[in-house]
Amino acid sequence: MKVEALTWLVLFLPLLAAGIITLFTLRNKAVSATLSIGAIVTGFVLTLAVIKFGGWDARELSVNWLSIGSLNVDFGLKLDALSLMMLLIVTGVGSAIHIYSYGYMRDDPGFSRFFACMSLFTFSMLGIVLANNFLQMFIFWELVGVSSYLLIGFWFEKPSAADAAKKAFITNRLGDLGFILGILIIFTALGSLNFTVLESGNSIAALGGMATLGGLLVFCGAIGKSAQFPLHVWLPDAMEGPTPVSALIHAATMVAAGVYMLCRVFFIFTPDALTVISWIGGITALLAALIAVQQNDIKRILAYSTLSQLGYMVMGVGLTAPEAGMFHLTTHAFFKALLFLGAGSVIIALHHEQDIWKMGGLRKKMPVTFWTFMVGTLALAGVWPLSGFFSKDAILAAAHENNLLLFILGVAVAALTTFYMFRLVFVAFLGDRRTGVAPVSDSKEAAQAGDESMRQARRLSYEPHESPGVVIWPLRILAVASVVGGVIGIEALFGGMFKPDAAHPHGLLAQLVYPFQHAPVAALSGLAAFAVGLFAAWKLYANAKTDPLPDKLGALSRAMANRFYFDEIYEATVIRIHDAIAAIADWIDRWIIEGFCIGLVRGGTDLTGRALRLVQTGNLQTYAFLFVLGVAVVLWFVLGK
Amino acid sequence: MNVSYLELLKLAAPETIVVLTALAALVVDLTSTRDLEARFRFIINGMIACAGCVAAIVWMLVMPAHANALEGMFVVDPLTQVVKIALLGLTLFTVLISMDSTFTEHIGEYLALILLAAVGMMFLVSAEDILMIFISLELTSLSLYILAAFNKRDVNSAEAALKYFLFGGMAAAFTLFGLSLLYGLSGATNLGQIAAALEDKGLDPLLIVAMVMIVLGFGFKVAAVPFHLWAPDAYQGAPTPSAAFIASGSKVASFFIFAKVMMIGFTGGETNGVHEIAGSAAWQQFVSGWTPVVAVVAVLSMLLGNLVAIVQSSVKRLIAYSAIAHAGYMLIGVMAHSGEAVASLVYYAVTYGLTTIGAFGVVAVVEARSKDDQLASFAGLSRRAPVVSLCMMIFMLSLAGIPPLAGFFGKFYVFAAALKTGAPNLGLLWLVILAIAMSAVSFYYYLQVLKQIYVADMPAGAEELRVPVLGQVVLGLIAVGVILLGCAPNLLVGVLQASIKAAGL
Amino acid sequence: MTPLAGYLLLSAMLFAIGLAGALTRRNAIIVLIGIELMLNAANLNFLAFWRFGEHPEALAGIMFVIFSIGVAAAEAAVGLALIIAIYRHYKTANVDEVNSLKG
């Protein structure tokens, strides 16, 4: 038996775990957690073994699943650098998150159910990664949708969680509509769904005029799953799920699936389709970064940040640099999982407080959380020599080569990223702990603050302290990965797959300086953007400790309240414009996209339904009359031709 | 014409077995189990009915036959055998989900009528002669009318049955009129002969009238817009197991015969095979004749069914409207007229029927305790009956077409077959686009049901639902079937494919 | 006018009369009678086509009629039973008053 066969185990162990937990061990917490964690850790180890003994070469395992006439579909595993790396990310980061969940969910009554859902989710995600054909991918694609629905809505007693879950599911389905249609078109025109067959068969030429359309329809799936503009609305709301779920969904897996899929089927995209893809990615990146600046909920900041980074990756793919997109996906998986788990650590320490303006001074109370969080922030901001720098640089370099407009946009987003992340760090971790009267929070939070006063009282009497080992060890491991992720040859690995002809740096030193030699403009712009963002954040928020008022109140009142340390000129110009843009972006997001478009569709169908049901009067002779009318119309239709 | 009656009886053995079982259930209930408690009577006679179905299935599995008796009156081939087995399976599950019911004391009659309806469907599947089609259609319909009226205490049941009956009677009259014209034009009653006689006649107006009238008769049976109006009222008012049978078995049989009439009667002789005749001018004419009609009906069904389902508050009514929408999806398969399309259609219809029986089974469980089928009665069901809720989730997700459940694969297969036929100009593409878009809409109301079950709070004072073990096992079996057929569609599709090849379609 | 055309015209009229009755009359029994008329119109068609067709020696047409008369009788029996059931609940056989299921 060849070592590749172990991949079957990697795929099916989580399903097995989910099955056993659901059927037998719902009442035994320890066994459930052990099964679930065991499945994914074993998966990680087995993946390592497959790579160690089998190498990164492309190969395929499959069994015949369906063969009916012209529809011949395998159930297969496609192993190559792309899928193996992704497999490592999903099982590796997933393992860290699973272990962390053991601590985080300890007191939850649905503990076993949680782990069953996590395992099911892992299984679905691994299925996407390993799929060797479109149909199989689509099936797991939907399974990811279902299991994320279960996870986001895990606390279904909370109406907001249930709504968020439903929204995530339905929004994803919208994108999937395009996806399945694209698959059907490809199948009809090319007669196969297998990736290897399609790739070698020069599918763009074979699709002819349908090529761009087919590619864009497939891209619709990625828009939904990777939460790209205009279907991004589900992702911030998905924060209603438990924090480990946010980490799992936003860091390593679900949202990455869209980008992964784009890279997997990169060969079907025409240049026109790629242009559209790159712009969608760019717009998402900018919009989300602008919105992130205005958020006060720690998880929402990270959520919008994820959106923005996903936009980056999609932009990278669109700029014909899928290897850069995948590289960024990999490093992002490390540091975003780290940031989410760090946020979770803060949230449990503060008894489910998520408003950064009610935090502060956590650096001394939670040193490990702080320092690991700091590493994640620096990596996300793209500081040399942390991992984020290299991957972001790869995308910026591609943009610099192909599309100057998108390059400028990318640099701007990089500056904004640094700005909002350091705003978060300055407010939540540095400075003094904020006590006393609760600051005015934005309306959305106020609305759901039913029993807030009681929890508030408990919170104030409670001194935050560092989280237990099961929580902070995953943080430490992920921090290490975030630091070194850029220089361990990941880029060369993906580069070797997508662009085998191009030169790639080998050796630590060469990798460290490669960006400056290869594309100095991009590298230096990235660093400059970091400097600008850091400076702005420091100017505005570094001394914000004595001011309990969130800047959300608007430019004017903040100018008065914060006059001691806010640079007033800066305030009057840059920030105000900036705030206005951010507010407009937020407004567009909330009302135009979410309220109007989706509302219109929903309202429209609802209204039509109400109107149409009037036909069903209950009177038999009305029915009979309509029946005869139907006959008459059909006859007229056919005879009249 | 020499007929060996023994041969005929052997060919029709499955039907004979089911008829005898129906009589046995009737006699046993009227004589020996008469004085027992209703629940035991249901179990004993239900077991007899199940045994009959199983015996017929086993007979067909053990004695595969391939014959055409009495010039198409009764055709037995591998394909009809598969469909009959599926029908008997659906009948079996209908009987099983009825076992817990309390709406009638006339248990023997009730079961006998279910079995007689099943016999009607089986003959329908085997018929390639318009006389047989008409008679077996009527046998099925008449049994179903009575089944719909079976809850004598419930005014809605009577109303549902009356509407179903009068609407159905009218549809039957139209169909018969259409058949008479068809007979007049061709001078034959056998589908193959009709096709041969019509081939050189072209498309005259009288033929169009005949075709339209026949199509609408089937449109009534499958509840396609605008011939659907009976369905919501009948589903809601009829006793739940009856509604389940109307929605599943009757639909499978009707769709099968619909496709058969379209493919044999209106395209060419049985011996020719569809693909050979596909090039001829006459075929083109026929296709251009009825395809637009079916297309319009399909579009209307998908739109109306899905949109009206959104605003329903009765779950049975919601399923009824969704059934109308599903009829629309299946009509796309009818239009594709290829061997693959028939396989996809049968797969879709069978899995749909199975899922619907399951969904109605859950409704029956809830209805038995809360006395109505309103969405609100499902609130918090997941905490009152976890197993049943899980089954309902699987059924709803399958109906919505979520992979890897059977509903997804059915849709995929039908749409792929339709696109395949339309290639390279992708003629049916716009229909498929609409179907996919509407199935996204459908997702919304299926999720509405699940939201009630899993999210909404339990009504105050609600306690755990005691679901009989048998009921749980049956629902669980159906759910497993839905998952299994979705994960390994080859189980059914492979058989269908082989039998279609063997049947020469 | 050939005899066949005459019969067809008659049957078409019969069908129309039956349909009109089924659509306009309130009493369920009259509606049922209308439907029976429509069925009989179809039967008349069969007979005419059989009698004036190319093969009057083949008995398909007349067989069809015999069966369909039988079916119509069964249908009438079921229909009357249903109307009685309705009458028990509503104390009326008017179809326009039976409309509690709708929407």
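This passage walks through a predicted model, taking chain B first, then its contact with chain A, and then some individual helices.

Chain B is mostly helical by count, with 22 helices set against 2 strands. Its C-alpha atoms fit in a box of roughly 70 × 50 × 40 Å along the principal axes. For a chain of 505 residues, a compact globule would come out with a radius of gyration near 23 Å, and chain B, at 22 Å, agrees with that. Burial can be put as a number too: 68% of the 505 residues of chain B count as buried. As for who touches whom along the sequence, take the contacts in chain B between residues at least 6 apart; 80% of these link residues at least 24 apart.

Next comes the meeting of chains A and B. Chain A puts 44 residues into this contact and chain B puts in 53. On the chain A side, the elements giving two or more residues are β1 (59–68), α5 (134–152), α6 (159–190), α27 (568–613) and α28 (620–639). The largest share of that side belongs to α28(A), with 12 residues. Sorted by class, the chain A side has 29 nonpolar residues, along with 9 polar and 6 charged ones.

Within chain A, helices α19 (residues 404–428) and α25 (residues 520–541) pack against each other. Their axes come within 7 Å and cross at roughly 35°, and the crossing is right-handed. On the α19(A) side, the residues involved include V411(A), A414(A), A415(A), F419(A), F422(A) and F426(A). Facing them from α25(A) are, among others, G526(A), A529(A), F530(A), G533(A), A537(A) and W538(A). The contact counts 16 nonpolar, 5 polar and 1 charged residues. Why can residues a few places apart share a face of a helix? An α-helix has 3.6 residues a turn, so residues three or four places apart point the same way.

Two further helices, one in chain A and one in chain C, are worth a look for their span and burial. Helix α13 of chain A (residues 271–294) has 24 residues and runs 36 Å from first C-alpha to last, close to the expected 34 Å. Because 18 of those 24 residues are buried, α13(A) is largely enclosed by the rest of the structure. In chain C, helix α2 (residues 28–52) has 25 residues and reaches 36 Å end to end by C-alpha, close to the 36 Å expected at 1.5 Å a residue. Here 18 of the 25 residues are buried, so α2(C) is likewise largely enclosed by the rest of the structure.

Notes
Residues are numbered from 1 along each chain as its sequence is written. Chains are lettered from A and ligands numbered from 1 in the order in which they are written. This is a predicted model: local features need pLDDT of at least 70, side-chain atom pairs count only at pLDDT 80 or more; totals for chains, interfaces and linings use all residues. Helices (H or I, at least four residues) and strands (E, at least two) are DSSP runs, numbered from the N terminus. The expected span of a helix is 1.5 Å times one less than its number of residues. A residue is buried if 20 or more other C-beta atoms lie within 10 Å of its own, exposed if 12 or fewer, and partly exposed in between; C-beta atoms are placed from the backbone. The radius of gyration is taken over C-alpha atoms; the globule rule is 2.2 Å times the number of residues to the power 0.38. Two residues are in contact if their C-beta atoms, placed from the backbone, lie within 7 Å. Ala, Val, Leu, Ile, Met, Phe, Trp, Tyr, Cys and Pro count as nonpolar, Asp, Glu, Lys and Arg as charged, and the others, Gly among them, as polar. Axes are lines fitted to C-alpha atoms, for helices over the stretch in contact, and angles run from 0 to 180 degrees between N-to-C directions. A crossing is left-handed if the near helix is turned anticlockwise from the far one by less than a right angle, and right-handed if clockwise.
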